[in-house]
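Open the model in your viewer and keep the selection box handy. We'll hop from stop to stop, and each one tells you what to pick and what you'll find there.

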Amino acid sequence: MNKLVKSLMNDNLIPLKPYESARRLFSGGQDWLNANESPYASDYQIDSENFNRYPSCQPTAVVESYARYAGVHTDQVLVTRGADEGIELLIRTFCTPGKSNVLICPPTYGMYAISAETCDVGVRQVPLNDDFSLDVDGICAQQDVNLLFICSPNNPTGTRVAAADIERVLSHFADSALVVVDEAYIEFDDGDAWAARLDEFDNLVILRTLSKAFGLAGLRCGFTLASGDIIRSLMKVIAPYPIPEPVAQIAAQALSDEGVTRVNVQVKKLNLLRNTLQEELAQRAGITLVGDITANFVLFHFADCEALMAFLVENGMLIRNQSKQHNLQNCLRATVGNEDQNARLLSLIDQFIEQKGVSA
Ligand SMILES: *Cc1c(COP(=O)(O)O)cnc(C)c1O
């Protein structure tokens, strides 16, 4: 780093590295099963008539259709540039740099800690128990935290967090912290969504996205659901025109009755494909399924996971190594793809196992 750049840079940023997103890790490849994207793309119409104008800060059609979809009031919805922007806005709005802390429960989604670190906000960790349930006593023993991030279904373990555990955390922190339940994969889970309980808890915040079940990762559109007070506070920090007009138009179409019906069909199909993929993986020598998957990905343990990963990458099959995560040594996560992609993944794993002579 050049001297000027280093001398000017915010001190807390100097040791940080950019997030190794699925897209940054690999540039080649043909089968993208590493970012939990949907294998299904849909057609959308764009009307460019008003592209000379700045877009609405919070496009009404999108806010209204998402409120209807999630069963909340329109003043409880904030549209953001992906759920990732929601995470960052929450930290910038409710944490003071150099002073406040967030709490995360690893193994979990990486962006909570990264966003906190870039904002010079402390990251407290209370790992999940060995069965990936919440360590509620450990969490409630923590003081001086402003935000708690709980991911359910959790990425990358796919486990749903018990509602009773989240209730205890919400009650314990009722007067001291916001509890953020990240429901990026809620469409794949037949459990109850937290949106229905927003009116019960003043400190509940929910994150949602169009990137996973809705098949619109390229759109960058997410939602924060919370009390009107919390949403109005986030509005102080959000950029003046965060949602580009084409994004608003496509999101409104995706959230139409027709769009939602299509997603429901795709989710049913992906859940069946996931069950099949899991059953197939479980039969392979040396593979053990990990977690209790209620999302569009599978997680499995394989002793020689580095070599398997390298072999898959060589063959253009990209999945994600989770070995660096707490309690997930030698675990790989694969997104559920379409029939062809899943079959290719299984056949490459078979080739690898045969070459290496792995025994069960
Ligand atoms: C993918 C993902 C997100 C990010 O969603 P975007 O809307 O694409 O920013 C947030 N949380 C979890 C748990 C995710 O897996």
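## Stop 1: the open sheet

Start with four strands: 4 of them form an open sheet in the order β9-β10-β13-β12, with antiparallel pairing. Strands here are DSSP runs of E with at least two residues, and helices are H or I runs of at least four, both numbered from the N terminus; two strands pair if DSSP finds at least two bridges between them. The edges of this sheet are β9 (287–290) and β12, each of which pairs on one side only.

Before moving on, some housekeeping: this is a predicted model, where local features need pLDDT of at least 70 and side-chain atom pairs count only at pLDDT 80 or more, while totals for chains, interfaces and linings use all residues. Residues are numbered from 1 along each chain as its sequence is written, and side-chain values use heavy atoms, with hydrogens and water left out.

Now select β9 and β10 (residues 297–302) together: 4 bridges join them, and they run antiparallel. To see one pair, pick T288, whose bridge partner in β10 is H301.

## Stop 2: the loop between β12 and β13

Go to the other edge and select Q322, in the loop between β12 (320–321) and β13 (331–335). Is Q322 buried or exposed? Q322 is buried, because its relative accessible area is 7% and buried means under 20% (exposed is over 50%, partly exposed is in between, with a 1.4 Å probe and protein chains only). Leaving aside neighbours within four places in sequence, Q322 is in contact (heavy atoms within 4.5 Å) with P156, L299, L328, C331, L332 and R333.

N327 is found in the loop between β12 and β13 too. N327 counts as partly exposed at 34% relative accessibility. Check its backbone: N327 has a positive phi of about 70° although it is not a glycine. For context, most residues other than glycine have a negative phi, and most peptide bonds are trans.

## Stop 3: β3 and its neighbours

Select β3 (residues 101–104). N101 and L103 point one way, V102 and I104 the other, and all are buried. That fits the general pattern: in a regular strand the side chains alternate between the two faces of the sheet.

Add β4 (residues 122–125): 4 bridges join β3 to β4, and the two run parallel. L103 stands opposite R124 in β4. Follow the chain from β3 through helix α5 (residues 111–118) to β4, and you trace a right-handed β-α-β crossover (with the strands pointing away from the viewer, the path from the first strand over the helix to the second runs clockwise).

Two spots on that route deserve a click. P107 lies in the loop between β3 and α5, and a cis peptide bond joins P106 and P107, with omega about 5°. Further along, D120 lies in the loop between α5 and β4; D120 has a positive phi of about 55° although it is not a glycine, and is partly exposed at a relative accessible area of 36%.

Then add β5 (residues 147–151), which runs parallel to β3 and is joined to it by 2 bridges. Here V102 stands opposite L147.

## Stop 4: the ligand

Center on the ligand. Which residues come nearest? Of the 13 residues around the ligand (those with a heavy atom within 4 Å), the nearest are A83, D182, Y185, T209 and K212. Helix α4 (residues 82–94) gives the largest share of the shell, 3 residues.

Now show the polar contacts, meaning pairs of N or O atoms within 3.5 Å:

- D182: an N or O atom of its side chain is 2.6 Å from a nitrogen atom of the ligand.
- N155: a polar side-chain atom lies 2.9 Å from an oxygen atom of the ligand.
- T209: an N or O atom of its side chain is 2.5 Å from an oxygen atom of the ligand.

Taken alone the ligand exposes 380 Å², and the protein buries 94% of that (Shrake-Rupley areas, 1.4 Å probe).

While N155 is selected, look at its link to P156: the peptide bond is cis, with omega about 15°.

## Stop 5: A184

Last, select A184, in the loop between β6 (178–182) and β7. A184 counts as buried at 9% relative accessibility. Not counting residues up to four places away in sequence, A184 touches L207, T209 and K212. Try a distance label too: the C-alpha atoms of A184 and L207 are separated by 6.6 Å, with the two residues 23 apart along the chain.

How values were computed: A polar contact is a pair of N or O atoms within 3.5 Å; within protein, one must be able to donate a hydrogen and the other to accept it, and residues adjacent in sequence count only if both atoms are side-chain atoms.
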